[in-house]
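Me: I keep meeting words that describe parts of a protein, and I would like to know what stands behind each one. Please start with a pair of packed helices.

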Amino acid sequence: MTTHPPGLAIETQGLVKVFGANRAVDGIDLRVPAGTVYGVLGPNGAGKTTTVKMLATLLRPDDGDAYVFGKSVRREPDAVRSRVSLTGQYASVDEDLTGTENLVLLGRLLGHPKRVARARAAELLDVFGLTPAADRQVKTYSGGMRRRIDIAASILNTPDLLFLDEPTTGLDPRSRNQVWDIVRAVVAQGTTVLLTTQYLEEADRLASRIAVIDHGRVIAEGTPGELKSSVGAGAIQVRLHDADRRPEAAGVLRRVLGSDVRLESDPVALTAAIPGHGTDLGAAEDAARALAELARAGIVVADFSLGQPSLDEVFLALTEASGDVGGAPVGGAGIADEAAADDDPRIGDLVKENRA
Ligand SMILES: Nc1ncnc2c1ncn2[C@@H]1O[C@H](COP(=O)(O)OP(=O)(O)OP(=O)(O)O)[C@@H](O)[C@H]1O
Ligand SMILES: [Mg+2]
């Protein structure tokens, strides 16, 4: 008889799902602390959705088991279902219904009286910025609106565990920030969130721990800092005052950092990799030395920034390290733009109010 440590929202043991000859999930072990955001990071086809579906009892594992708050997804799926909510890459709302109709219907299915369901729907639509679209069919919504109505539907009753399957893929920076704010508000109210994403930066912003999966296996696990420092410290981007000095600046950076220097399409910009030290401090010191050397050479730096490795870099480094050269490249577009989505305190209140 296996025991399950208290404080774990999810524990999986050798979880396997096979589709024909394809081992989509090939022995995954995860331990997700309760009350946190846990990131599952991986490229297309890695097995993220399949894993989430097994945890949410929508798919039966072919081997191994998973425990959600200590309940087995194989043996006690009803107990698991009562604690979780799921949103993601599959329909949870009806495209032909309006935003209001969807939320009222789901509220009624959850057992709320009509009046309560209506009030809750209106409140959620308001907080998620969907009031103007409340009476339109969901099939007319943009990607960002669609994602928000999906999440609204999944927190009609605040679950103990919320699965968010790539909640921001394809969203613009503002919508992405709104979704991040919602995730933070949900977690602040005590819900555990399992978030799948293709973006390291998203996992970095939200998750306290991350599992990187590829070909149905966990290839790395740790805090965001641990994962990044395992593949090097990132890069320094420099913009010069004078484009004519760029070749010289490239020479200085190459000499000081001993790494590759990339000339950007912007004629004053260049980027140099900072070799890993295992600490962020080492990277900052290297960057400071490089800037000092540029100053000594009389090259004026207009601005600079210290960037972290992209998911591309982390993923490629990890798959190289595990000897797997067959991994597909990852679409790890950075999320550079920090469009300010105003924190809406009502989101937190809303979640709190509906905690059972
Ligand atoms: N119902 C299914 N029948 C057959 N094969 C499937 C099925 N669902 C998933 N697969 C396969 O299992 C593998 C993992 O798919 P999964 O959807 O879990 O990946 P993912 O990590 O969620 O990818 P993405 O980032 O594209 O959503 C893929 O090779 C996929 O083609
Ligand atoms: Mg998926």
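Reply: Helices α3 and α5 (residues 143–154) pack at an angle of about 20°, with axes 10 Å apart. The structure is a predicted model, in which local features need pLDDT of at least 70 and side-chain atom pairs pLDDT 80 or more, while totals for chains, interfaces and linings use all residues. Residues are numbered from 1 along each chain as its sequence is written, and chains are lettered from A and ligands numbered from 1 in the order in which they are written.

Me: Why are α3 and α5 called roughly parallel?

Reply: The angle is taken from 0 to 180 degrees between the N-to-C directions of axes fitted to C-alpha atoms, for helices over the stretch in contact. Under 35 degrees counts as roughly parallel, over 145 as roughly antiparallel, 65 to 115 as roughly perpendicular, and the rest as oblique. The angle here is about 20°, and α3 and α5 are therefore roughly parallel.

Me: Which residues make the contact of α3 with α5?

Reply: G99, N102, L103 and L106 of α3 meet I149, A152 and A153 of α5; contact requires C-beta atoms, placed from the backbone, within 7 Å. Five of these residues are nonpolar, two are polar and none is charged. (Ala, Val, Leu, Ile, Met, Phe, Trp, Tyr, Cys and Pro are nonpolar, Asp, Glu, Lys and Arg charged, and the others, Gly among them, polar.)

Me: What makes α3 oblique to α4?

Reply: The axes of α3 (residues 99–109) and α4 (residues 114–127) come within 8 Å and cross at roughly 135°. That value belongs to none of the three named ranges, and α3 is therefore oblique to α4. From α3, the contact takes G99, T100, L103, V104, G107 and R108, and from α4 it takes K114, A117, R118, R120, A121, L124 and L125. Six residues of this contact are nonpolar, three polar and four charged.

Me: How do you know that α5 is roughly parallel to α6?

Reply: The axes of α5 and α6 (residues 173–188) come within 10 Å and cross at roughly 10°, which makes the two helices roughly parallel. In α5, G144, R147, R148 and I151 take part, facing S175, Q178, V179 and I182 in α6. This contact has three nonpolar, three polar and two charged residues.

Me: Why does T57 count as buried?

Reply: A residue is buried if 20 or more other C-beta atoms lie within 10 Å of its own, exposed if 12 or fewer, and partly exposed in between. T57 has 21 such neighbours, so T57 counts as buried. T57 is in the loop between α1 and β5 (63–68). Its phi is near 70°, a positive value in a residue other than glycine.

Me: What makes H215 buried?

Reply: H215 has 21 C-beta neighbours inside 10 Å, so H215 passes as buried. Its place is the loop between β10 (209–214) and β11 (217–222). The phi of H215 is also positive, near 45°, and H215 is not a glycine.

Me: Why is T169 described as partly exposed?

Reply: T169 has 17 other C-beta atoms within 10 Å, a count between the two limits, so T169 is partly exposed. T169 sits in the loop between β8 (161–165) and α6. T169 and Y199 are 30 residues apart in sequence, with their C-alpha atoms 8.5 Å apart.

Me: How do you know that α1 is mostly covered?

Reply: Eight of the eight residues of α1 are buried. They are K48, T49, T50, T51, V52, K53, M54 and L55. In the chain, buried residues make up 41% of the 356 residues.

Me: Which residues are the closest to ligand 1?

Reply: The closest are F19, A24, K48, T49 and T50, out of 13 residues that surround ligand 1; a residue is near the ligand if its C-beta atom, placed from the backbone, lies within 6 Å of it. β2 (22–28) and α1 (48–55) each give two or more residues to this shell. The largest share, three residues, comes from α1. By class, the shell holds three nonpolar, nine polar and one charged residue.

Me: How many helices and strands does the chain have?

Reply: The chain has 12 helices and 15 strands. These are DSSP runs, H or I of at least four residues and E of at least two, numbered from the N terminus. Of the contacts between residues at least 6 apart in sequence, 69% join residues at least 24 apart.

Notes. Two residues are in contact if their C-beta atoms, placed from the backbone, lie within 7 Å.
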